[in-house]
Each structure stands twice: as C-alpha cells, then as structure tokens.
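This report goes through the strands, the helices packed on them, some backbone torsions and the cysteines. The sequence and the structure come next.

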Amino acid sequence: MLNKIYFLNKCYNYFVTVYKKLQTRGYLEKAIRISIIFIYEYLVIKVENFWESIGNFFKEFGYSLYLFWIKPADGSTPYILKLFFSLIFLVLGYFLIKLFINLLRKALKISKKKFANEKTIKNFIVSFCNITLNLLLVLTFLGFLGVNFNGLAQIFSSAILAIGLSLQDLISNFASGLIILSNKPFIVGDYIDLDNGSCEGTVIDVKFLNTVLQTFDGQVIVIQNKAVISSVIKNYSTNPIRRINITIALPYDTDIDLAKESLLSICDSEPSIQKDPKPVVYITDLNEYTVNFSLRCYVPTSLYRDILFNFNELILRKFKEEKIQLPRRPIQVFDENNKQVEVNNYVE
C-alpha cells in the first residue's frame, strides 16, 4: 500500500515539473495557438463549405424542377400542362361514366328500391361496365402522363402465376357468380334457404364475388358465391303458391269431426287461402296424451308469412268458440295414503 502511494506521488510531482517548464519556455501558449488555428481551419471552414454545398443542391434541384415542369430542355410540352389536362380528362371521364351508368340503369329498367325480374343479371352487367370503364379511364389518364406501360406489362406477365395462386378464392367466387347468373337458381327478390336453414333471406344483389341476402329482421348477410354454389339451395319464390303446414295437438277425447270442421272453416273464411288445391286436415301422430291434427293449405307465396302467423290467433279463437279443449301437461296427484287422485288434465 505504501509503495502505491509513493508511486502516485512521484508521478504527480513529475507532471507538475513538466507543466512548469513548458509554461516557463512559452510552449504552452504555442500549443494553445496551434489548437485554435486547427479548430478554425478544420471546423469553421468545413461548416461554411457544408452550408454552401446544401445551398447549391437546392439551387440545382429547383432548376431541375423548373426544366421538368415548366420549360423542358428538349422543347416538349411542359409536364405541368400534361398534368393539368390529364386531371381535367379524369374528372370529366368520371362524370361521363357516372352519367352512362345511370342511363344504362334506366335503359335496363333497374330501380334501386323495387325488385324486378332478371334484375340479378342486369345489376351484374351494370357493375361490370362500371368497373371496366373506370379501369380504362385510369389507364388512359396514366398514358397522358407519359407512364411507360411496357415495364408494367413485363411485371404483370412475370407475376401472373403468383397473382393467380393468391387470388384463387376470388377467381372461384367470380366463376361461381357467372354460374349463378347462367343457371339462375334464384334472382333478385327471391326468398332462398341455404343448407336447410343455416342461412336464409331475400336476395338483394348478386355481385362479382358475393351474394347479398336480407333477413326478415333487417339483417344483411353477405355470402361468397363459391359457398352459395356448394350449398343446397331452396328457392321459396319459384312457385306462385306455397303450402302451409300447421300441427295442432288435441286431447284424445276431442271430437275429431268437430276439430276438422273447425280448422277447415278457418280456411274457408280466409280469402287468401287457395281453394284449389283445397285445404285438408289429417291426423298425423298418436302421442301418449294427445292426437296431432295437421292442417295443410296453399297460399300465395308473397303472403305466406303473414297468413302463417295469423293462423295461430284464428285457431285459438275458433277453438274457444267451439269449446274445444286444448291439452296441457298431465299432472298426477296422490293423497296422504299414497293413492292417486283423479284430476282434470285439461284446461276448461
């Protein structure tokens, strides 16, 4: 420990002695002057040259923009004029395409609020024309700006395989849309059911890639065309009439003829129910406590839901009028001696 302290003290004394000799002979002042000169030459002058180079860069850049936009060196049309007239062409083309699409809708008699026959394929034609014309408009706009399409064509041709693989689903949906339009399993305005109730609603539109349905409660369902084609499709709007099946469970002691007459009289009192085929009532099941009566009649397809929901009220009123008892859950009652007590199992 004493040797380390002695060594450090000796080093300190040596540096103090050297500093005093340099100060005495003027070497320290010379070193300071040299350092100042070095800082000025290599820092200040370099900074001035740096800002000067930046200024020259912006001057050259501004002159290049001037030559490109306003006064080209080869004497060609200034690019700013090309851009101006190209933008005018783009705006006019957009409104002309919009006007053409509106005229096409009117020519095809397509209404945005009402359904019409064959509206499916008409909407598809309008969408196809709209997309094609807008694509041509954009390509023409780029051509006016001087875009070289040769390079783009080479890029598209080299990437077509990758694009095809990545867009398999889109291509499949588009092809399925064409199949829907050609085979016509349904059209806009039809009420359809896919895969036995997994999805059902009124067809609003058939687009390039998907089909749009609207349910009775106002929900909008979008389904890929590929999924629609692979599903079991029930079209309830193909036929003008549709059969209603209503099953009513009645007690075994019910007068069968009276029950049938009551149900058929309801059908006779409703003018919307078709008389041909005529309504019929069958006994379809014999359950443990009840007998199932099945009422079958035909109604216009457009009124199916309204009549179906109204039937419950009509049947209940008619049975009360004819004093036909409706069943309820059987109840077994036992007394204190564990003997079963007979009770009325039906609602009076």
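Which residue in S8 does Val-281 stand opposite? The model is a predicted one, and in it Val-281 stands opposite Leu-295 in S8.

**The sheet of S6, S8 and S7**

Strand S8 covers residues 290–300 and runs antiparallel to S7, with 6 bridges joining the two. Both belong to an open sheet of 3 strands, in the order S6-S8-S7 and with antiparallel pairing. S7 and strand S6 (241–251) stand at the edges; each has a single partner strand, so one side of each is left without a neighbour in the sheet. On average, neighbouring strands of this sheet are turned by 25 degrees against each other, direction ignored.

Two helices lie across these strands. Helix H9 lies across S6, S7 and S8 and runs at about 20 degrees to S8. Helix H10 lies across S6 and S8, running at about 25 degrees to S6.

**Strand S1 and its partners**

S1 pairs with strand S2 (residues 199–206) in the antiparallel sense, over 4 bridges. It also pairs with strand S5 (residues 233–235), again in the antiparallel sense, over 3 bridges. One bridge partner is known for each pairing: Leu-194 of S1 has Cys-199 as its partner in S2, and Ile-192 has Asn-235 as its partner in S5.

S1 and S2 form a hairpin with 4 residues between them. In the turn, Asp-195 has a positive phi of about 55 degrees.

In which directions do the side chains of Tyr-191, Ile-192, Asp-193 and Leu-194 point from S1? Tyr-191 and Asp-193 point one way, Ile-192 and Leu-194 the other way, and all are buried. In a regular strand the side chains alternate between the two faces of the sheet.

**Backbone torsions in the loops**

Most residues other than glycine have a negative phi, and most peptide bonds are trans. Some places in this model depart from that pattern. Lys-184 has a positive phi although it is not a glycine, and Lys-323 is likewise a residue other than glycine with a positive phi. The table lists both.

| Residue | Phi | Loop | Relative accessible area |
|---|---|---|---|
| Lys-184 | about 55 degrees | between helix H7 (168–183) and strand S1 (191–194) | 41%, partly exposed |
| Lys-323 | near 60 degrees | between helix H10 (304–322) and strand S9 (333–334) | 75%, exposed |

Lys-323 counts as exposed because its relative accessible area of 75% is over the 50% cut-off. Lys-184, at 41%, falls in the partly exposed range between 20% and 50%.

The peptide bond from Asp-276 to Pro-277 is cis, with omega near 0 degrees. Pro-277 lies in the loop between helix H9 (256–269) and strand S7 (280–286).

**Cysteines**

How many disulfides does the model contain? The count comes to 0 disulfides. Cys-267 is in no disulfide, and the nearest cysteine sulfur, that of Cys-297, is 4.3 Å away. A disulfide requires the two sulfur atoms to be within 2.5 Å, so this pair does not qualify.

Are Cys-267 and Cys-129 buried or partly exposed? Cys-267 is buried, because its relative accessible area is 1% and the limit for buried is under 20%. Cys-129 has a relative accessible area of 22% and is partly exposed.

How values were computed
Residues numbered from 1 in each chain as written. Predicted model: local features only at pLDDT ≥ 70, side-chain atom pairs only at ≥ 80, totals over all residues. Heavy atoms only, no water. Buried < 20%, exposed > 50% of the residue type's maximum accessible area, 1.4 Å probe, protein only. Pairing = 2+ DSSP bridges. Axes fitted to C-alpha atoms, helices over the stretch in contact; angles between N-to-C directions. Contact = heavy atoms within 4.5 Å.
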